[in-house]
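Subject: Structure handover

Hello,

Here is the structure for you to take over. My notes on what turned up in it follow below.

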Amino acid sequence: MALDTRNAPRPAWFVGAVWGDTDDQTQRFLDEGIWEIDPTHPKPDPLREMQPGDRIAIKSTFTQKHDLPFDSRNDPVSVMRLKAIGMIASRTNDWKCVRVDWKELEPPREWYFYTNLRAVWRVAPGQWKTNALLAFAFDDARQDIDRFRDVSPEGGETLGDDDAAEIELGNAFQHIPSSPQSEPYSVDDIVADGCFLERAEIERLLARLREKKNLILQGAPGTGKTWLAKRLAYALMGEKAEDRVRAVQFHPNLSYEDFVRGWRPSGDGKLTLVDGVFMQAVAAARDEPDKDFAVVIEEINRGNPAQIFGELLTLLEADKRGEEHALELSYRRDDKDGNPEPVHLPPNLYIVGTMNIADRSLAIVDFAFRRRFAFATLEPCLDDRWRDWIVAHRGVDLDLARENQRRLMALNEEIAKDGALGKAFRVGHSYATPPEPLGDGETRDWFRRVAETEIGPLLEEYWVDAPEKAKAALDRLLDRW
């Protein structure tokens with residue numbers, strides 16, 4: 001019996017059940033009606049996104065050359081075996097487990113080509129390949145093997161995915177690329193994805209990024225800084241090439257050794273000189289000079305940028321990108337002749353940072369660092385363009401969207417006029433933009449939850465010395481809501 005997916009616009013979850021290399025938990029999960037993440041998994045955060053009613057499937061992924069239902073020309077093919085499907089019933093309070101109404105698949109079903117090695121793979125409907133996978137897993141549909149097998153660059157279709165960077169384990173034919181081909185991306189795509197800036201403003205930001213090489217998006221909480229940073233990088237490259245964008249978050253404990261280069265213990269008990277995220281991006285950009293690369297740095301002022309970049313701070317300038325400006329690093333490597341190997345930053349490497357200007361606990365970046373970046377301030381976008389988009393793309397009730405727009409603008413006006421706060425502390429539009437489409441009648445409850453658990457605590461932090469003022473502002477926001 002197939003699961004009913006007609007009213008299920010949310011993503012589904014394809015999850016592993018093997019802990020370590022051999023400890024298969026599948027039968028225990030089925031018997032206990034649960035799914036839980038491997039305790040050694042470094043990031044349990046995906047469980048926070050899972051909601052009751054979401055579809056879920058237990059998978060295992062491997063490669064296969066023989067006994068396939070089609071001719072693979074003796075090349076390995078990636079296979080995903082589905083062992084069980086179900087619906088999430090609830091989550092536990094510790095965020096490590098979800099309760100599931102499971103249906104075991106006997107025999108297991110096997111899906112080819114479009115697979116993923118992650119322990120938790122989020123698959124959202126909307127593209128032909130994701131729709132096909134969801135129908136196969138939850139509606140007993142057949143996989144159109146020929147369409148996946150015949151995907152090629154010439155055909156204009158790719159094995160890329162907006163929601164998860166899939167890892168292709170093998171391809172049946174040599175004309176299928178061994179890594180996913182990126183889809184084109186432009187300013188039009190930024191607008192279509194839900195950016196509420198004027199097109200001319202987006203183009204201006206891109207122009208500054210191309211000229212300066214380094215751009216920081218600053219603004220109040222919820223103004224979409226990180227969201228826009230990655231999309232500006234894609235538009236700069238002209239394609240959604242996730243493998244050419246490296247993301248890192250600065251924090252007080254991040255060091256030069258973490259970000260640029262430093263000595264690390266190796267398995268044999270010795271110290272090894274290891275490149276950090278930034279030097280890895282530098283090497284990748286130098287290897288492919290005809291392509292653009294980007295490093296996205298979140299919360300760039302949460303760390304100490306001048307200390308983290310070290311001597312590379314000098315090389316960030318647009319007119320110092322090239323071998324003639326190369327420097328020796330604090331932790332240098334020697335070339336094959338034993339001579340120090342200087343480092344330069346290639347002109348095809350760009351940096352996009354974000355900075356929260358409302359957080360009073362963060363340091364202000366120094367002038368030496370500041371003059372090497374262009375800065376752009378993102379404002380809360382609560383205009384009619386935003387309102388119409390959330391109605392059309394997120395299923396928000398129009399009348400409630402209008403009322404919400406009015407109340408949030410009034411709240412931001414109150415914050416801006418407060419002498420102890422100001423415009424930098426206004427509430428961004430992201431707080432009132434649902435991340436997924438809402439169902440009929442869900443707008444009111446959704447916004448109440450956001451206001452009570454996100455906006456309310458933010459106001460309490462703003463007016464920490466005047467809690468009654470924070471409470472009154474929240475009450476006005478939710479009055480008769």
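Which residues touch the most other members of the largest nonpolar core? This is a predicted model, and in it the answer is Leu217, Leu228, Leu232, Ile415, Phe447, Ile455 and Leu459, out of a core of 61 residues. There is also a second, separate core of 30 residues, with Val295, Leu312, Leu329 and Met355 among them.

Leucine 217 is worth listing in full. Leaving out residues up to four places away in sequence, leucine 217 touches Leu205, Lys225, Leu228, Ala229, Leu232, Gly353, Thr354, Met355, Ala376 and Leu378. Of these contacts, Leu228 and Leu232 also appear in the list of residues that touch the most other members of the largest core, while Met355 belongs to the second core.

Next, the cavities. Searching the whole structure gives two cavities of 30 Å³ or more. The largest holds about 50 Å³ of space. Its lining consists of Ile390, Val396, Leu400, Ala401, Asn404, Ala432, Pro434, Thr443, Trp446 and Phe447. Two or more of the lining residues come from each of helix 14 (398-417) and helix 15 (443-462). By character, the lining has eight nonpolar residues, two polar and no charged. Phe447 links this part to the earlier one, as a lining residue of the largest cavity that is also listed for the largest core.

On the cysteines, the disulfide count is zero. Why does cysteine 195 not form such a bond with cysteine 381? The sulfur of cysteine 381 is the closest cysteine sulfur to that of cysteine 195, but the two are 7.0 Å apart, so the distance is too far for a bond. Cysteine 195 is buried, at 7% relative accessible area. Cysteine 97 counts as buried too, because its relative accessibility is 12% and the cut-off is under 20%.

Last, histidine 251. Where does this residue lie? Histidine 251 is in the loop between strand 10 (245-249) and helix 8 (256-259). Its relative accessible area is 33%, so histidine 251 is classed as partly exposed. Apart from neighbours within four places in sequence, histidine 251 is in contact with Arg302 and Gly303. The C-alpha atom of histidine 251 is 8.0 Å from that of isoleucine 300, a residue 49 places away along the chain.

Regards

Note on methods. Residues numbered from 1 in each chain as written. Predicted model: local features only at pLDDT ≥ 70, side-chain atom pairs only at ≥ 80, totals over all residues. Heavy atoms only, no water. Core = buried A, V, L, I, M, F, W, Y, C linked by side-chain atoms within 4.5 Å. Buried < 20%, exposed > 50% of the residue type's maximum accessible area, 1.4 Å probe, protein only. Contact = heavy atoms within 4.5 Å. 1 Å grid on protein atoms, 1.4 Å probe; cavity = no way out; pocket = protein on both sides within 12 Å on 5 of 7 lines; lining within 4 Å. Points joined across faces, edges and corners; volume = space filled by probe spheres on them. Helix = DSSP H or I, 4+ residues; strand = E, 2+ residues; numbered from the N terminus. Nonpolar A, V, L, I, M, F, W, Y, C, P; charged D, E, K, R; others polar. Disulfide = S-S within 2.5 Å.
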